[in-house]
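I opened this notebook to record what I looked up in one structure. The entries run from the overall fold to single residues and charged pairs.

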Amino acid sequence: MQERRRIVPRLIHAMAFCALSVALAIPSAHAAERKKTTAKKPAASSVSAKQRPAARSAKAVPRKAVTRVKATRVMSSSAKLAPRMAAIPERQSFGQVAGLHAVQDPLELKSSVALVIDQETHEVLLSKNDHAVLPIASLTKLMTGLLVSQARLPMDETITITQDDVDTEKFSSSRLAVGTTLTRGEMLHLALMSSENRAAHALGRTFPGGMDAFVAQMNAKAKLLGMTDTRYVEPTGLSSRNQSSARDLATLVNIAHADPLLRELTTSPSYEVAVGRRTLQYNNTNRLVKNPAWDIGLQKTGYISEAGRCLVMQTHIAGRKLIMVFLDSAGKFSRLGDAERVRNWVEKLPSLGSSATLHAVGAAKLE
């Protein structure tokens, strides 16, 4: 009995010790497991870093990745737009389409059509495709001005710009807003000096009988002057259907030069008009009128894409009164350059009676 009493406490003590050992072993096992897990994570991260360089760089440099996508999209958009731009070729002038620029001349002019005539002797000093019939752009306004001046209409009569004067042919801009009121003289000045389209249209619209009567008068006047290659459909020159030849335009310049008002207005360097509370400054479209080396009696410029750059002038060079016509010039300042080339050539001629006429081969007439 006493032996049993000794064994039971020992068993209880042993069981308690085992329970304590198990209790202590479990946290150790968890700790060991945590250590294994912790030890595995860096390894996993290390492997992940090696196996996922692209993913890491994508996270590290997200902007570059996005930028590349955007750049690709922009290029894609450009690629889509490029065919549209290529599908709309630059509009060629009538002279370019007809191959007139291929015709060579001794002065290497940039204009496909040129004519220089002695105003007093009618001697032709230079000719290049002078019978070609081409759009004449704002050279049209020279006939517009001639009719208005010869009609002896009151120049102090006021004219108001209306919606009818707004360009629906080329959609060109103008500083003369609808509702602007100027005198007929001011409108004529702006049309001839600065090639103001709304002013020119208003002059035709307010002509006795209206626009149709005015255009009919333009064509009747051309026929009367023997301008058989010339046709007008409106008074501004915005329409490519206004057409003429260098020969006809030389005739028109000769007649217009005899009109003192046209001489004054076309060679005016600049002009100011009061529009409401504002004062608008206009300048001559031909910068040669401000050049002291030139003595210009009358001039007019013109441009639409179908006509190219155009210029007509009456001028004094080396003792001669000359009429110059340049049509379908390629380049913004090339028509003025052609005028300079002709002037330099004329100044080098030995005398008035011994000048050699320059003719370009391949003169053509377009219908």
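The entries below follow the order in which I made the look-ups.

**Entry 1. Overall figures.** I note at the outset that this is a predicted model. I counted secondary structure and found 11 helices and 12 strands. Of the 367 residues in the protein, 43% are buried. I then turned to contacts between residues at least 6 apart in sequence, and 66% of these join residues at least 24 apart.

**Entry 2. Cavity search.** I searched the whole structure for cavities of 30 Å³ or more and obtained 1. The largest cavity holds about 30 Å³ of space. Its lining consists of Asp165, Asp167, Ser172, Ser173, Ser174, Asn197 and Arg198.

**Entry 3. Helix 5.** I examined residues 140-150, which form helix 5, and found 10 of the 11 residues buried. Among the buried residues are Lys141, Leu142, Met143, Leu146 and Leu147. Just after the helix, Arg152 adopts a positive phi of about 55 degrees.

**Entry 4. Val116.** I located Val116 in strand 1, residues 111-118. Val116 counts as buried because its relative accessibility is 0%, below the 20% cut-off. Beyond its neighbours within four places in sequence, Val116 contacts Glu123, Val124, Leu125, Leu126, Leu322, Ile323, Met324 and Val342. I also looked up Ala250, 134 residues away along the chain, and its C-alpha atom is 8.4 Å from that of Val116.

**Entry 5. Ser334.** Ser334 lies in helix 11, which spans residues 334-347. Its relative accessible area is 10%, so I recorded Ser334 as buried. The side chain of Ser334 reaches the backbone oxygen of Ala330 at 2.7 Å. Leaving out neighbours within four places in sequence, I found Ser334 in contact with Lys110, Ser329 and Arg341. The C-alpha atoms of Ser334 and Cys310 are 9.6 Å apart, with these positions 24 residues apart along the chain.

**Entry 6. Glu186.** Which side chain of opposite charge is nearest to Glu186? I found Arg184, 11 Å away; Glu186 is buried yet has no salt bridge. Glu186 sits in helix 6, residues 184-193. A polar atom of its side chain lies 2.9 Å from the backbone nitrogen of Thr183. Not counting residues up to four places away in sequence, Glu186 touches Tyr271 and Val273.

**Entry 7. Salt bridges.** Side chains of opposite charge can pair when their charged atoms come close. I counted 12 salt bridges in the structure.

- Asp105 pairs with Lys128, the closest N and O atoms being 2.9 Å apart. This pair links distant parts of the chain, 23 residues apart: Asp105 is in the loop between helix 4 and strand 1, and Lys128 is in strand 2. Asp105 is buried at a relative accessible area of 11%, and Lys128 is buried at 2%.
- Arg184 and Glu157 meet in a salt bridge with an N to O distance of 2.9 Å. Arg184 lies in helix 6 and Glu157 in the loop between helix 5 and strand 4, so the pair ties together parts 27 residues apart in sequence. I recorded Arg184 as buried at 2%, whereas Glu157 is partly exposed at 37%.
- Arg205 and Asp165 meet at 2.7 Å, N to O. Arg205 is in helix 7 and Asp165 in the loop between strand 4 and strand 5, 40 residues apart. Arg205 is partly exposed at 22%, and Asp165 is buried at 3%. I had already listed Asp165 in the cavity lining.
- Arg91, Lys170 and Glu306 are linked in a network of salt bridges.

Terms used:
Residues are numbered from 1 along each chain as its sequence is written. This is a predicted model: local features need pLDDT of at least 70, side-chain atom pairs count only at pLDDT 80 or more; totals for chains, interfaces and linings use all residues. Side-chain values use heavy atoms; hydrogens and water are left out. Helices (H or I, at least four residues) and strands (E, at least two) are DSSP runs, numbered from the N terminus. Buried means under 20% relative accessible area, exposed over 50%, partly exposed in between (1.4 Å probe, protein chains only). Lys and Arg count as positive and Asp and Glu as negative; His and the chain ends are not counted. A salt bridge is a side-chain nitrogen of Lys or Arg within 4 Å of a carboxyl oxygen of Asp or Glu. A polar contact is a pair of N or O atoms within 3.5 Å; within protein, one must be able to donate a hydrogen and the other to accept it, and residues adjacent in sequence count only if both atoms are side-chain atoms. Contact means heavy atoms within 4.5 Å. On a 1 Å grid over the protein atoms alone, a cavity is a set of points where a 1.4 Å probe fits but cannot get out, and a pocket is an open set with protein on both sides within 12 Å along at least five of seven lines; lining residues have an atom within 4 Å of a point. Grid points are joined across faces, edges and corners, and a volume is the space filled by probe spheres set on the points.
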